[in-house]
Amino acid sequence: MTMTKAHSHGQWTSRIGFMLAATGSAVGLGNIWKFPYMIGQSGGAAFVLVYLLCIALIGLPILVAEWMIGRRGQKNPINTMSELAAGQGHSRNWAVVGLTGVLGAFLILSFYSVIGGWAVSYIGESARGAFAGMDKAAAGAAFSAFLGDAGSLLTWHSVFMLLTVGVVAMGVAGGLERASKFMMPALGILLLVLVGYGMTTGSFGQAAAYLFNPDWSKLNGGVVMAALGHAFFTLSLGMGIMMAYGSYLGEDVDLLRTARTVVIMDTVIAIAAGLAIFPIVFANGLDPAAGPGLIFVTLPLAFGNMAGGAVLGAMFFLLLTFAALTSSISLLEPVVELVEERTPLGRVGATVIAGLATWALGIAALLSFNMWADVTLLGLNIFDFLDQLTSKFLLPLTGLGVIVFAAWRLEQDSVRRELKLSDGGFALWRIVTRFIAPIGVLAVFVGNL
């Protein structure tokens, strides 16, 4: 028999705490390398404008919808969707939207924690000067050797998961909120220091031009789709995270205003990351289009061949670890909330069980780089399969379900009152949530296919 306990996990103690936690969830590894890279390769300021338009028309409405649904339900995403649907006279099968969200978060964390472990490992490697004097071939070989060492990957994956479980086990106020209040300002300070260093390299102007000079000729359908996709994924949408975070919200929080602030902070941090990374890249004559390898091959090469590179490198990978942790604790939260409400376990027990399950699946993901390299699912190794399954299927489908439910199944007068919208504002909200956002998410889904 399914057991559902009363919601007793506590609440955010302040709007700023909630805002930092939500921003921390949005700010992840992708913000540190992917977004700056996309700006530079896709038209600079022209891409930023398209991205901001996509955020306004798709990302922000879905973010608000997830918070609103979570706050109304006050339970894990599955129960929230089921009970809200029944309360509005609709089928409880809407619980599937919550289920795909929680499943997506669980699967993403299993391989995300592997990458988080890489970041933790590289803090120590950089601090001890392991990259000193390396050339490009040596830096690439070192990373390849690291991926081939299953024992090392398991160790750092385990360390990262222990850090994640330790924070989440302490609860909403004592864990998620407290950690975000420390890590987000620390992340900001580290970014400012690295941007300051970038200004001394002599290549800051070149980096700024790479990021911000509008090149409208680069704008095409593919670039618009990339902006659309990143606008959706950067805010942790479709993962049950924001619904779970919304379940801890009080009625006094203005959802629209808070969402605007989170979007702005997320974008500013992503751009600042570009201003920190690319001056170093250009000053050392490196390839700014190195993609994922920019972080674990190209930048270590730069740090290993500059004065003070050991310290700067350690700071950078500490920054990367903070970004990964603020996302990982949010990914674990909806899974923990589900286990806590559906079993007799308390907060600590639910976190340990959820963490162990995620850690175990992560082992399969990390082995796909070495011992299980020949094991494939639909032609993909385990790591890539988990990535593709979540990003191309589960997340957009969950996001689509959330926005359709909020726009077409929730009683709209109550939505208007909750969002404190004027007649004109509510008319715009309905157009965006009923038509523009769903079409945008469908475009992301079809484009990914």
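**Close-up 1. Lys-420 in the loop between α17 and α18.** In this predicted model, Lys-420 is found in the loop that lies between α17 (412-419) and α18. Most residues other than glycine have a negative phi. Lys-420, although it is not a glycine, has a positive phi of about 55°. Is Lys-420 buried or exposed? With a relative accessibility of 56%, Lys-420 counts as exposed, because the cut-off for that class is over 50%.

**Close-up 2. Gln-74 in the loop between α3 and α4.** Gln-74 belongs to the loop between α3 (45-73) and α4 (77-87), and here too the topic is the backbone angle phi. Gln-74 is not a glycine, and yet its phi is positive, at about 60°. The relative accessibility of Gln-74 is 23%, so this residue counts as partly exposed.

**Close-up 3. The nonpolar surface patch and helix α18.** Trp-408, Ile-431, Phe-435, Ile-436 and Ile-439 together make a nonpolar surface patch of about 480 Å². Which helix gives the largest share of the nonpolar patch? That share, four residues, comes from helix α18, which runs over residues 423-448. Ile-436, one of the residues of the patch, is found in helix α18, and with a relative accessibility of 33% Ile-436 counts as partly exposed.

**Close-up 4. Arg-434 and the ring of Trp-408.** Trp-408, which is one of the residues of the nonpolar patch, also has a charged partner: the charged end of Arg-434 sits over the ring of Trp-408, at 4.1 Å from the centre of that ring.

**Close-up 5. The aromatic pair of Tyr-122 and Phe-296.** A pair of aromatic rings is described by the distance of the centres and the angle of the planes. A search of the whole structure finds 28 aromatic pairs, and one of them is formed by Tyr-122 and Phe-296, with 5.3 Å from centre to centre and 85° between the planes, an edge-to-face arrangement. This pair links distant parts of the chain, since Tyr-122 lies in helix α5 (residues 95-127) and Phe-296 in helix α13 (residues 293-303), 174 residues apart. Tyr-122 is buried, with a relative accessible area of 4%, and Phe-296 is buried as well, with a relative accessible area of 6%.

**Close-up 6. The aromatic pair of Phe-278 and Phe-282.** The rings of Phe-278 and Phe-282 have centres that are 6.3 Å apart and planes that stand at 35°, so this pair is tilted. How many residues apart are Phe-278 and Phe-282 in helix α12? In that helix, which covers residues 255-283, they are four residues apart, about one turn of the helix. Phe-278 is buried, with a relative accessible area of 0%, and Phe-282, with a relative accessibility of 16%, also counts as buried.

**Close-up 7. One aromatic cluster.** Tyr-122 and Phe-296, the edge-to-face pair, reappear here in a wider setting, as both are members of one aromatic cluster. Among the other members of this cluster are Phe-111, Trp-118, Phe-131, Phe-143 and Phe-146, and the cluster also includes Phe-303, Phe-316, Phe-317, Phe-369 and Phe-383.

**Close-up 8. Val-172 in helix α8.** Val-172 is found in helix α8, which covers residues 172-198, and with a relative accessibility of 1% Val-172 counts as buried. Between Val-172 and Lys-34 there are 29 Å in space, taken from C-alpha to C-alpha, while in sequence the two are 138 residues apart.

How values were computed:
Residues numbered from 1 in each chain as written. Predicted model: local features only at pLDDT ≥ 70, side-chain atom pairs only at ≥ 80, totals over all residues. Heavy atoms only, no water. Phe/Tyr/Trp six-rings, centres within 6.5 Å; stacked < 30°, edge-to-face > 60°. Helix = DSSP H or I, 4+ residues; strand = E, 2+ residues; numbered from the N terminus. Buried < 20%, exposed > 50% of the residue type's maximum accessible area, 1.4 Å probe, protein only. Lys NZ or Arg CZ within 6 Å of the ring centre and 35° of its normal. Patch = residues over 30% accessible without salt bridge, like charges linked within 9 Å, V, L, I, M, F, W, Y side chains within 5 Å. Areas by Shrake-Rupley, 256 points an atom, 1.4 Å probe, with all protein chains shown as cover. Salt bridge = Lys/Arg side-chain N within 4 Å of Asp/Glu carboxyl O.
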